[in-house]
Each structure stands twice: as C-alpha cells, then as structure tokens.
Amino acid sequence: MSTHTATADHHHDAHDHRQSFVDRWFFSTNHKDIGTLYLLFSFVMFIIGAAMSVVIRLELAVPGLQHVSPHFFNQMTTMHALVMIFGGVMPAFVGLANWMIPLQIGAPDMALPRMNNWSFWILPFAFAMLLMTLFLPGGGPGGGWTLYPPLSLQFGQATAFTIFAIHMMGISSIMGAINVIATILNMRAPGIDLLKMPIFCWTWLITAFLLIAVMPVLAGAVTMLLTDKFFATSFFNAAGGGDPVMYQHIFWFFGHPEVYIMILPAFGVVSEIIPTFSRKPLFGYQAMVYATAAIAFLSFIVWAHHMFTVGMPLGGEIYFMFATMLIAIPTGVKVFNWVTTMWRGSISFEAPMLWSIAFVILFSIGGFSGLMLAIVPADFQYHDTYFVVAHFHYVLVTGALFGIIAAVYYWWPKWTGRMYNETAAKFHFWWTMVFVNLLFFPQHFLGLAGMPRRIPDYNVVFADWNLVSSIGAFGMFVTPFLMFGILFHSLKKGAIAPARPWESARGLEWTVPSPAPHHTFATPPVIRDGDLAHGDVSH
Amino acid sequence: MSGPERPTDELAQRRRRAVRTALVFGAIALAIYIVFILSGVIGR
C-alpha cells in the first residue's frame, strides 16, 4: 500500500488556530468545511423529503382517503420533489465537488472561497422559506414541482414564497457552478492537464456548464409566473393573449438538462469507484469524457418529449422521439465502459463497489424505461401514470442517490481518517436493495395498468401492488438513519484510515494524509505518474 | 519530499484569472436571464 506524499505543504490550521465554532462553520471559506456543510444540509433535506414520501405512501397503501386531505397530498408530492431535487441531490453533489475537486486537481481551495460560503448559506434560508409555506393559510404549493400555470397560480400566499425560494436556490446553484468552472480552469496543479483530470472533475465541469445555461431559464420562467400573478402580465395567461403551453416548453428546456445535472456527477463517482475495486484503469477514459459532453449537448434538444400529449405537429413528435433515443448511444458507451472496466478485473466488493454496481444495473433499468417513454405512441399510454414515477425514481434514487451514497462510503476515510464498519455498510446496502425495488418496481406494473400519478385515491384493482410499494417505502425510510448510525459509529470507534485506504485507488486525493488536513496543497504538488488518476505526467 | 516554491505573484495571477472567469460566466448567466425575459416582453 503506497502512501507517498505528492505535496509539500499541508496544515491543520483549523485546529492550530482554534477557530471558534461560529467562525469555522458560519464564516468558513475552506472548501472542506463548506463541503461538509453542503453534505449535512442535503442529509437533513433527504430526511425531510423522505418523510414526505412516507406521508404519500401511507395514504396510498390502501384504496380510499384515509390520513390526509387531497389538498395536503398534493402539497406533499410537490414539496417532496422540490426538496429532494433542489435540497437533497443537488447540494449533495455540490458538497462532493467542494470536498474533492480541489483535492483531485491539487488546488489549495476553490477559486472563489467567499462566494463559496455565500452559495451555501443562501440555501438554508431558501428552504426555510419554502418549507414555511406549508404553515401559511392555504398551505404550500400543490401544483406539482413543474409549477405549470394556470394551476400553480391558484394557490394562496405560497406562490410568492415558492418562487422567491426557487430564485435563491438558482442563485446558489449558479454561484456554485461558476466556482467549479473557475477552479477547474484556473487552479489545476502543473501537470494535471484537462485530459488527465479525474473523471469526477470532468463530469462536474460539464455539469457546471449545464447549470450556467439552464438555471437562468428557470429563473426567467418563474419570474414571468410571478409577474403574471402579481403584476397583471399575461406571459402564460390565455385570457390576456399569453400561452400556458409556452411555460411547459420553457420549463422543460430547463427541466431535462436538470435531470443530467443530477446524474452526470454520479457517473463521475461511479467512474472513480469501479476502477479502484476492479484494480484496473478506467476503460475508455476519453470516450467517457466525450460521452458525458455528448449527453450534456443532447439534453438541450429533447425537452418536448415530456410534452407529447400536450399536442405538437407530427414532425415535432418524430424529431423529439428520435433525438431522445440518441441519448442511449453515449449512455450505452458509459455502461459498456463500466462493464469492460470490471471485465477480468480483480474485483472486490466493498460497500462503495456494491453501490456502484447496483447503480449500473438499476440506472440502466431507469434508462430502458426512459426509452419506452420516448416512443410517442407508447408515451400516450404511459404519460402521467405511475410508470413515469417508477422511471424517474430508478434514475434519481438508484441512480443519483446511489451515486451519492457510494461517494460518501468511498471518500469517508479520506474526510474523517476513520474506516466505517464494512459488515454494517453491506447490510445497509442489501437492506436498501430489497426495499428500493419493493418500492419502485411495482410502480411499473401500476403505471402500465393505468394508475394515474399525483392522485391520493385509486381503483381497488391497483390495491395489491400499492401495498407492496408502500411497504418498500417504509423500509426505505429506515435507511438514512441506518447510514447515519454507521457513519457516527465510524467517527467514534472506526479503525484509523491510512492515506490510501483502497489499495488500487489512484489520484492526488490519496496522496494527502487521512483525514485530509484542513489546508492541502498550500504549495502546488510535484506530480508523479502514480499520482494521476489517468495517464502519465510525461505523455 | 517537497515541491518547488511557487512565487506568490503566480498564485495571485491564477486568482485574478479565476475572478475573470467567474465574471465572464456570471455575465453569461445574467445575460441569459435578461435576454430571455426581454424576448418574452418584446416578442409579444
């Protein structure tokens, strides 16, 4: 196990200078501290979002209206999505980016540390405002996370708060993305060329470009919603000459790239982990980079596949159908490369690898159901049914969330200097595997049989699979607490982690001690071949 | 082992370049937002 140090200068200043709690956590400009804050914040948001999903599944466990009113049910489905997407998945990946990108490229910190602090601290206020709407007269937003007008404009006081919260989240995301781009383009240590960067940095660079391009579009769309409601404009108001369908086009021009914003960093994580535990270099590194870029480009030209049933010319339907199917090509390249990396590798199945293999298999299921939805005549049958719910949960839960969990287990020893309990982590994995599939797989059957989404009651013919799905949800709700327990135990009693806890892990982050000192790469590292995740210094 | 000392002005130069990159991308984001809304207003 080689643990040489590629760097000259690391400090534990946070401990040496005895920063106060407030100084360290509220005014921090340190990328590791801010990364930790992002990850803790997203964990809290995941718990809140999961609690909302339990309310939804409790109501749907048996036919009939039992526990909550339909109005509150609608608020739960809407808030669950907003909290999970903007509060859970996105901040988790920004947290991972904060922790790992400077470590992986040999930079002392993010390029704009003060802006980094601001990007994070906007979020708690944004989500406090969003969640507060549940206690306003009329309740929170209930028209779905897409906020389609005219429905989304018919809620009481929630609209203004929701839109302001979305603006704040957008500003936070854009600032985070700017920081990632500025860091990667300007702060790389000498010797780390773009095509020698770890693939996680590449996927994040491309994700950051997506964020810069589409978050302002969402901001513009919700600004127009706001003026429609409060300033008598008619952007989307048919009575005033506006077009509500235009909102849907604009929303999905943001919304489809948003899906890739949530999954590309997970691709990066899995592309780091699979080579480590297969004890082989990543197969087709450059193809992976170009495939990621291709997926990002294609994500801009397929948005109307979310709107086939709204009505559009036949030529439009055919174009969006085939353009959507094209995405399967670069995605297939990635899946092929992951499998080929494992092929004839000396594989071991530590927890990060288990989560990554599950990611490849289950995300592919989500991809295949996505292909089914891309077929126009089929989509007319599936649209707004539970098939769609099953599809995007396979992409976002067993895709994005599994990627986040894999990353946490993989880099945890580097962050904390402690190993986690492998047996407990494997139990966490298998528990989740059972219940996540119980939760979401039956929803395919429900959707194909015609059960509509976003409805608190349903026909008795759907009863059996709904009960199974709800049992899965209750089992899934245990998992974040299980993970918290494993990680808390590791912090207190875990074995001491070496600098390179995974013997085949490559990349600069493994050359610094564990836990990573508070300040790393204060002077730029001298890179040697073994330090690079990909390629050699001299070539 | 220790790495070579980087002159402070080189690090400062990198920081300046990073700020410039940030300003460019911030301006792009702001431009998308403003042009997008203006296109909605003028386009009507």
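Select chain A and colour it by secondary structure: you get 16 helices and zero strands. Keep in mind that this is a predicted model.

**Whole chain A**

Stay with the full chain for a moment. Its C-alpha atoms fill a box of roughly 65 × 50 × 45 Å along the principal axes. The radius of gyration of chain A is 23 Å, which agrees with the value near 24 Å that a compact globule of 539 residues would have. Now colour by burial. Of the 539 residues, 53% count as buried. A contact map of chain A adds another view. Take the contacts between residues at least 6 apart in sequence: 83% of them join residues at least 24 apart.

**Helix pair α3 and α16**

Hide the rest and show residues 31-60 and 463-493 of chain A, which are helices α3 and α16. Two packed helices are described by the angle between their axes and the distance between the axes. Here the axes come within 9 Å and cross at roughly 160°. How do α3(A) and α16(A) run, roughly parallel or roughly antiparallel? An angle over 145 degrees counts as roughly antiparallel, so α3(A) and α16(A) are roughly antiparallel to each other. Look along the crossing as well: α3(A) passes α16(A) in a left-handed crossing.

Next, turn on side chains at this contact.

- From α3(A), select A:Phe46, A:Ile47, A:Ala50, A:Ser53, A:Val54, A:Arg57, A:Leu58 and A:Leu60.
- From α16(A), select A:Asn466, A:Ser469, A:Ser470, A:Ala473, A:Phe474, A:Phe477 and A:Pro480.

Colour these residues by type. The contact of α3(A) with α16(A) divides into 10 nonpolar, four polar and one charged.

**Side facing chain B**

Bring chain B back into view. How many residues does each chain give to the contact? Chain A gives 25 residues and chain B gives 19 residues. Among the elements on the side of chain A that touches chain B, highlight α6 (158-186) and α7 (199-230), which each supply at least two residues. The largest share, eight residues, comes from α7(A). Colour this side of chain A by type: 19 residues are nonpolar, six are polar and none is charged.

**Backbone stops**

Switch to a backbone view of chain A. Most residues other than glycine have a negative phi, and most peptide bonds are trans. The next four stops depart from that.

1. Zoom to A:Pro149 and A:Pro150. A cis peptide bond joins them, with omega about 5°. A:Pro150 is in the loop between α5 (113-132) and α6 of chain A.
2. Jump to A:Ser514 and A:Pro515. The peptide bond from A:Ser514 to A:Pro515 is also cis, with omega near -5°. A:Pro515 lies in the segment after α16 of chain A.
3. Select A:Asp384. Its phi is positive, near 60°, and the residue is not a glycine. Find A:Asp384 in the loop between α13 (376-382) and α14 (386-416) of chain A. Is A:Asp384 buried or partly exposed? With 14 other C-beta atoms within 10 Å, A:Asp384 is partly exposed, since a buried residue needs 20 or more.
4. Finish at A:Arg454. Phi is positive here too, about 60°, in a residue that is not a glycine. A:Arg454 sits in the loop between α15 (422-448) and α16 of chain A. A:Arg454 has 16 other C-beta atoms within 10 Å, so this residue is partly exposed.

Note on methods. Residues numbered from 1 in each chain as written. Chains lettered and ligands numbered in written order. Predicted model: local features only at pLDDT ≥ 70, side-chain atom pairs only at ≥ 80, totals over all residues. Contact = placed C-beta atoms within 7 Å. Helix = DSSP H or I, 4+ residues; strand = E, 2+ residues; numbered from the N terminus. Nonpolar A, V, L, I, M, F, W, Y, C, P; charged D, E, K, R; others polar. Axes fitted to C-alpha atoms, helices over the stretch in contact; angles between N-to-C directions. Parallel < 35°, antiparallel > 145°, perpendicular 65-115°, else oblique. Left-handed = near helix turned anticlockwise from the far one by under 90°. Rg over C-alpha atoms; globule rule 2.2 N^0.38 Å. Buried ≥ 20, exposed ≤ 12 C-beta atoms within 10 Å, placed from the backbone.
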